[in-house]
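Dear colleague,

I am passing on a structure that you have not yet worked with, and I would be glad if you looked through it alongside the notes below. Please read them with the structure open.

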Protein chains: 2
Amino acid sequence: MFFLKELPSQQMVATYAETYGADPAHITSALLMMRRASLLIRRLDAYFAAHGLSQLRFLVLIVIDREPERQSLAPNEIASRIDVSKPVMTRTLQSLQQDGLISLAASQTDKRSKEAALTAAGRQQLQDALPGYFRILSEEMAHPPAAGD
Amino acid sequence: MFFLKELPSQQMVATYAETYGADPAHITSALLMMRRASLLIRRLDAYFAAHGLSQLRFLVLIVIDREPERQSLAPNEIASRIDVSKPVMTRTLQSLQQDGLISLAASQTDKRSKEAALTAAGRQQLQDALPGYFRILSEEMAHPPAAGD
DNA sequence: CCCATTTAGTTACCATGATAACATAAATGG
DNA sequence: CCATTTATGTTATCATGGTAACTAAATGGG
């Protein structure tokens, strides 16, 4: 989470930009982008929390659901579609299973691995969360950020 | 940290956008912005770690340093300039003090409060980190993200 | 003035990210 | 075919964010 409510002054940016051949406009736009993205992510996190989810839990459900030809994915495959470390994936899948949103079965073909599939509750939770998710994204980009945002 | 390596398909976005009156282009650009910002933040985190800092530790040093008329700020004032909770500020200031980058003294005027000031080492650490920080921001925005980024 | 409220900081606890080290199974190649 | 290497998942530990509840001090209305 990035956050400086007031950006570095134009003078400060200009001084460093000059010295190091960087473009002050680029620096400012990078800072604005990070602040805007951070605010959006914060808003999404609050939304997911209200739905008993989190960014990662939501993404896991999406990734399993959107696989066209299959009912389940291995944790390994899920992790490769989302940029997250293996231990975090292990923990997240276990918590989703505890909450009844996915099932975790031993893989038939690879004894090291597992098969994660959506339960009916998981599919429902995903369907419940998707509309608001897209609405937030759309709203956020519909209006440019105000200066003081 | 946001991350879905492959964005939701155009069809999926279009379906939801239609149903809920959202603009598919807005949704896609929001997802791209979050991914781009996440990659940049990750890169900055790695940079700060190499300098014995973190995003927040760096921001705290900047905020104290850039105060034009004063040598020190209260934790409360620092927290109000950065968007971070009080307990995190407490912890961060203590760690910066342990590392010798700031001094923390009791406030003369308010017995509840403290005064955080940069040490010479803290000022030096900040000066060392600033050029690379601005360089990364500038580089990042200099080239538009590739499709597979 | 004094008691209630507000403010500043801290403590305790939880969520969620990472890496390192490990056990076990699969794959590979001599 | 067996030994080494690679791949999968887990555990342990750490970093860094949050909220709730607490203490102590300042503030302010009666």
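Counted over all chains, the salt bridges come to 14. Please bear in mind throughout that this is a predicted model. One of the salt bridges joins the side chains of A:Arg43 and A:Glu140, with a distance of 3.6 Å from N to O. This pair ties together distant parts of the chain, since A:Arg43 sits in helix α2 of chain A and A:Glu140 in helix α6 of chain A, 97 residues apart. As a general point, side chains of opposite charge can pair when their charged atoms come close.

Between chain A and chain B the count is two salt bridges. In one of these, A:Asp83 is paired with B:Arg42, and the closest N and O atoms are 3.3 Å apart. Across that interface there are also four residue pairs in polar contact, both residues of each pair being at pLDDT 80 or more. On the side of chain A that touches chain B, at least two residues each come from α1 (10-20), α2 (24-50), α3 (55-65), α4 (75-81) and α6 (120-142) of chain A. The element that gives the most to this side is α2(A), with 14 residues. Sorted by class, the residues on the side of chain A that touches chain B are 29 nonpolar, seven polar and eight charged.

As for the extent of this contact, 44 residues from chain A and 44 residues from chain B take part in it. Together the two chains bury about 4,300 Å² between them, and 72% of that area lies on carbon and sulfur atoms. Within chain A, the residues that lose the most area to chain B are A:Met33, A:Asp83 and A:Phe134, which together make up 16% of what that side buries. A:Asp83 is thus listed here as well as in the salt bridge with B:Arg42.

How are the two chains placed relative to each other? A turn of 180 degrees, with a shift of 0.0 Å along the axis, lays chain A on chain B with an RMSD of 0.1 Å. The two copies are therefore related as by a two-fold rotation axis. In chain A, the C-alpha nearest the axis belongs to A:Ala37, at 3.1 Å from it. Because 100% of the interface residues of chain A are also interface residues in chain B, the copies meet through the same surface.

The model also holds DNA, and I take DNA strand D before DNA strand C. DNA strand D is surrounded by 20 residues, of which the closest are A:Asn76, A:Thr90, A:Ser113, A:Lys114 and B:Arg112. Of the atoms of DNA strand D that come within 4 Å of the protein, sugar and phosphate account for 55%. Two serines approach phosphate oxygens of this strand: a polar side-chain atom of A:Ser113 lies 2.6 Å from one, and an N or O atom in the side chain of B:Ser85 is 2.9 Å from one. A base oxygen of DNA strand D, in turn, lies 3.2 Å from a polar side-chain atom of B:Arg91. The surface near DNA strand D draws at least two residues each from α4 and α5 (86-98) of chain A and from α5 (86-98) of chain B. By class, that surface has seven nonpolar, five polar and eight charged residues.

Around DNA strand C there are 19 residues, and those that come nearest are B:Pro75, B:Asn76, B:Arg112, B:Ser113 and B:Lys114. Sugar or phosphate makes up 58% of the atoms of DNA strand C within 4 Å of the protein, while the rest belong to bases. Among the contacts with bases, a polar side-chain atom of B:Arg112 lies 2.4 Å from a base oxygen of DNA strand C, an N or O atom in the side chain of A:Arg91 is 3.1 Å from a base oxygen, and an N or O atom in the side chain of A:Arg112 is 3.4 Å from a base nitrogen. Two or more residues each are given to the surface near DNA strand C by α5 of chain A and by α4 (75-81) and α5 of chain B. The residues of this surface divide into seven nonpolar, five polar and seven charged.

With best wishes

Conventions: Residues are numbered from 1 along each chain as its sequence is written. Chains are lettered from A and ligands numbered from 1 in the order in which they are written. This is a predicted model: local features need pLDDT of at least 70, side-chain atom pairs count only at pLDDT 80 or more; totals for chains, interfaces and linings use all residues. Side-chain values use heavy atoms; hydrogens and water are left out. Contact means heavy atoms within 4.5 Å. Buried area is the accessible area (1.4 Å probe) that two parts lose on being put together, summed over both. A salt bridge is a side-chain nitrogen of Lys or Arg within 4 Å of a carboxyl oxygen of Asp or Glu. A polar contact is a pair of N or O atoms within 3.5 Å; within protein, one must be able to donate a hydrogen and the other to accept it, and residues adjacent in sequence count only if both atoms are side-chain atoms. Helices (H or I, at least four residues) and strands (E, at least two) are DSSP runs, numbered from the N terminus. Ala, Val, Leu, Ile, Met, Phe, Trp, Tyr, Cys and Pro count as nonpolar, Asp, Glu, Lys and Arg as charged, and the others, Gly among them, as polar. Copies are superposed by least squares on the C-alpha atoms of residues with pLDDT of at least 70 in both. A residue is near a molecule or strand if one of its heavy atoms lies within 4 Å of it.
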